[in-house]
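Work through these exercises with the structure open beside you. Try each task before you read its solution.

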Amino acid sequence: DNPDDLWLLNELGFCSNTLDHPEQALPYLEKSVAINDQDIWSQCELARCYAMQGKPEEALPHFLKAKELGRDDAWLYREKGWTLTQLDKFEEAVGYFEEALYFDQTDGWCHAQIGFCYNRMEQPDQALSELKKALTMNYRDLWVMKEYAWSCSRVNQLEDELEILQELIKD
């Protein structure tokens, strides 16, 4: 009944984001933060909404605000790291992905992201190590496998590259 109900606005935003309609979520979440900028969930959902729209500059302050308000979990660090990769701030992103791994060492996605960042920072040996961890943890996305093959090529591990490329052909 109340168009200024914080829960209702957040839920509308969350559902729209989750259904991959961030443009629909944005007005609800902006209004939610305008009503109460101390609400962690509102800050996180608005940050996610901006990130989903490819607006990392707008997303980052809301992730930082959520942290300032007390959110301290793997999700927040993963999202901040991802947002920083969109800004080509790879070294800083690695730090956030490593913070996320503090909560869950078996997070193959974080290891893959760290590998991606290391490749962009021209550190293929470190990239290869992280990507290998991701693959070992059964995070075998197509892009991870291609990133791993590229890393193998960059450090002249051609037999490993050939093996992963042949696996890609099979799928």
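**Exercise 1. Count the charges.** How many positive and negative side chains does the chain have, and how far apart do the centres of the two sets lie?

Solution. The chain has 16 positive and 34 negative side chains. Lys and Arg count as positive, Asp and Glu as negative, while His and the chain ends are not counted. Each charge is placed at NZ of Lys, CZ of Arg, CG of Asp or CD of Glu. The centres of the two sets lie 2 Å apart.

Before going on, note the ground rules. This is a predicted model, in which local features need pLDDT of at least 70 and side-chain atom pairs count only at pLDDT 80 or more, while totals for chains, interfaces and linings use all residues. Residues are numbered from 1 along each chain as its sequence is written, and side-chain values use heavy atoms, with hydrogens and water left out.

**Exercise 2. Describe the fold.** What pattern does the chain follow along the sequence?

Solution. Start with the elements: there are 10 helices and 0 strands. Helices (H or I, at least four residues) and strands (E, at least two) are DSSP runs, numbered from the N terminus. The pattern is therefore written with helix symbols alone, α-α-α-α-α-α-α-α-α-α. Next, the dimensions: along the principal axes, the C-alpha atoms fill a box of roughly 65 × 30 × 25 Å. Now the interior: 44% of the 171 residues count as buried. Buried means under 20% relative accessible area, exposed over 50%, and partly exposed in between (1.4 Å probe, protein chains only). Last, the contacts (heavy atoms within 4.5 Å). Of those with a separation of 6 or more, 46% join residues 24 or more positions apart.

**Exercise 3. Find the nonpolar patch.** Which residues make the nonpolar surface patch of about 360 Å²?

Solution. Trp7, Leu8, Leu12 and Tyr28 make the patch. Patches take residues with over 30% relative accessible area and no salt bridge; like charges are joined within 9 Å, nonpolar side chains (Val, Leu, Ile, Met, Phe, Trp, Tyr) within 5 Å. Helix α1 (residues 6–18) gives the largest share, 3 residues. Leu12 lies in this helix. Leu12 is partly exposed, at 31%. For the whole chain, about 9200 Å² is exposed, and carbon and sulfur atoms supply 50% of it. Such areas come from the Shrake-Rupley method with a 1.4 Å probe; for residues, only the protein chains shown count as cover.

**Exercise 4. Place Gln113.** Is Gln113 buried or exposed?

Solution. Locate Gln113 in helix α7 (residues 108–120). Its relative accessibility is 2%, so Gln113 counts as buried. Then list its contacts beyond four places in sequence: Trp82, Phe97 and Trp143.

**Exercise 5. Place Arg140.** Which residues does Arg140 touch, leaving out those up to four places away in sequence?

Solution. Arg140 sits in the loop between α8 (124–136) and α9 (142–154). Arg140 touches Leu135, Met145, Ile164 and Glu167. At 34% relative accessibility, Arg140 is partly exposed. Arg140 and Gly108 are 32 residues apart in sequence, yet their C-alpha atoms are 8.8 Å apart in space.

**Exercise 6. Trace the salt bridges.** How many salt bridges are counted?

Solution. A salt bridge needs a side-chain nitrogen of Lys or Arg within 4 Å of a carboxyl oxygen of Asp or Glu. By this rule there are 10. Side chains of opposite charge can pair when their charged atoms come close. Take three of the pairs.

- Glu45 pairs with Arg48, with the closest N and O atoms 3.0 Å apart. The two are 3 residues apart in helix α3 (residues 40–52), so about one helical turn separates them. Glu45 is buried at 5%, and Arg48 is buried at 17%.
- Lys67 pairs with Asp72 at 3.2 Å, N to O. Lys67 is partly exposed at 33%, as is Asp72 at 42%.
- Arg154 pairs with Glu122 at 2.4 Å, N to O. Arg154 lies in helix α9 and Glu122 in the loop between α7 and α8, so the pair ties together parts 32 residues apart in sequence. Arg154 is partly exposed at 25%.

**Exercise 7. Check phi.** What is the phi of Glu122, and what is that of Asn156?

Solution. Phi of Glu122 is near 60 degrees, a positive value in a residue other than glycine. Glu122 is exposed at 57%. Asn156 is not a glycine either, and its phi is about 65 degrees. Asn156 lies in the loop between α9 and α10 (158–170). Asn156 is exposed at 59%.
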